[in-house]
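Visitor: I am new to this structure and would like a close look at a single part of it. Could you pick one helix and walk me through what holds on to it?

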Amino acid sequence: MRHFQLCLSSCATMLLLALNLHASTGLPLPLSAENSAHCALLFKSLRLNITELLKSKDLCYGLIQSNEVTVRSVETVQACAPSGTQNSGCVMLTNSSFNESECVMSIMRDLAYYDAAIASYLESPLYRPDKEVPLLSPTLGIIQDLRKNCSPKTQRGYNSSEDTDNLWNNDSYINRQKMCKMMRGFHSRAITINRAIGYISSGDHRK
């Protein structure tokens, strides 16, 4: 498990480096043209929100310090890898024919998962609801705005609740540990998503 986490971190780092080389310097291309400015702002806001959230002492309050992360899957890392990205030796990132639709759909599945996971967490017995609810609710709101206003029509209404039905069945301490690790992973994923949308915005994959 430790080896897998290290490999996943290495692969994600390689993807970010590749995306940095290809991405445009402008705002990310939104997934719904009719709300372009709003969507670009929401993607950026999501990344900044999670960055600030992780700085709060309330998210991982009273937990043993750890750098462990939990991510949904490597699907988005693979689907959104730029054309020509090489294999890291852990997870295949080579993507000789970048598929914009697959990348976008994977991003929206990520958002659906984190939407369901955070919403169900806030409905579970919380150790410090007065701290956790105000902390996580803005993140949930941004995710839901992105899904409502920026998803391709075929992805709107996608439900990921089945994947999170048994996620918070433990006591509040263990649940908070899982949430802390999950939000660290979500931060990494939010960076990947913004870089991927920037790559789509650059149009390099169409050349």
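**A close look at helix α4**

Guide: Happily! Let us begin with a pair of charged side chains: D110 and R189 meet in a salt bridge, with 3.0 Å from N to O. D110 lies in helix α4 and R189 in helix α6, so this pair ties together parts that are 79 residues apart in sequence. Both D110 and R189 are buried. Please keep in mind that this is a predicted model.

Why can such side chains pair up? Side chains of opposite charge can do so when their charged atoms come close.

A second salt bridge on α4 involves D115, whose side chain meets that of R147 at 2.8 Å, N to O. Here the partner sits in helix α5, and the two residues, 32 apart in the chain, link distant parts of it. R147 counts as buried because its relative accessibility is 17%, below the 20% limit. D115 is buried too, with a relative accessible area of 10%.

Now for the helix itself. Helix α4 covers residues 100–123. At 1.5 Å a residue, its 24 residues should span 34 Å, and the end C-alpha atoms are 35 Å apart, which agrees. At the N-terminal end you will find N99 acting as a cap: one of its side-chain oxygens lies 3.0 Å from the backbone nitrogen of S101.

A little further along α4 comes C103, which a disulfide joins to C80, with 2.1 Å from S to S. C80 lies in the loop between α3 and α4 while C103 is in helix α4, so the link ties together parts 23 residues apart in sequence. The torsion about this S-S bond is about 105°, so the disulfide is right-handed. Are these two cysteines buried or exposed? Both C80 and C103 are buried.

The structure holds 2 disulfides, and the other one, between C60 and C180, has its sulfur atoms 1.8 Å apart. C60 is in the loop between α2 and α3 and C180 in helix α6, so that pair ties together parts 120 residues apart in sequence. The C60 and C180 link is also right-handed, with 90° about the S-S bond. C180 is buried, at a relative accessible area of 3%.

Next, look at the nonpolar side chains. The largest nonpolar core has 43 residues, and I107, I118, L136, M179, M182 and M183 are those with the most contacts inside it. Helices α2, α4, α5 and α6 each supply at least two residues of this core. M179 shows how some of these pieces meet: setting aside neighbours within four places in sequence, M179 is in contact with L59, I118, Y121, L136 and W168.

Just past the end of α4, in the loop between α4 and α5, sits R128. Its partner D58 is in the loop between α2 and α3, so the two tie together parts 70 residues apart in sequence. Their side chains meet in a salt bridge at 3.5 Å, N to O, one of 4 salt bridges found in the whole structure. D58 is partly exposed, with a relative accessible area of 24%.

Finally, S172 belongs to helix α6, which covers residues 172–202. S172 touches P125, L126 and Y127, leaving out residues up to four places away in sequence. From C-alpha to C-alpha, S172 and L126 are 5.7 Å apart in space, although 46 residues separate them in sequence.

Technical notes. Residues are numbered from 1 along each chain as its sequence is written. This is a predicted model: local features need pLDDT of at least 70, side-chain atom pairs count only at pLDDT 80 or more; totals for chains, interfaces and linings use all residues. Side-chain values use heavy atoms; hydrogens and water are left out. Helices (H or I, at least four residues) and strands (E, at least two) are DSSP runs, numbered from the N terminus. Contact means heavy atoms within 4.5 Å. A nonpolar core is a set of buried Ala, Val, Leu, Ile, Met, Phe, Trp, Tyr and Cys residues joined through side-chain atoms within 4.5 Å. Buried means under 20% relative accessible area, exposed over 50%, partly exposed in between (1.4 Å probe, protein chains only). A disulfide is a pair of cysteine sulfur atoms within 2.5 Å. The expected span of a helix is 1.5 Å times one less than its number of residues. A polar contact is a pair of N or O atoms within 3.5 Å; within protein, one must be able to donate a hydrogen and the other to accept it, and residues adjacent in sequence count only if both atoms are side-chain atoms.
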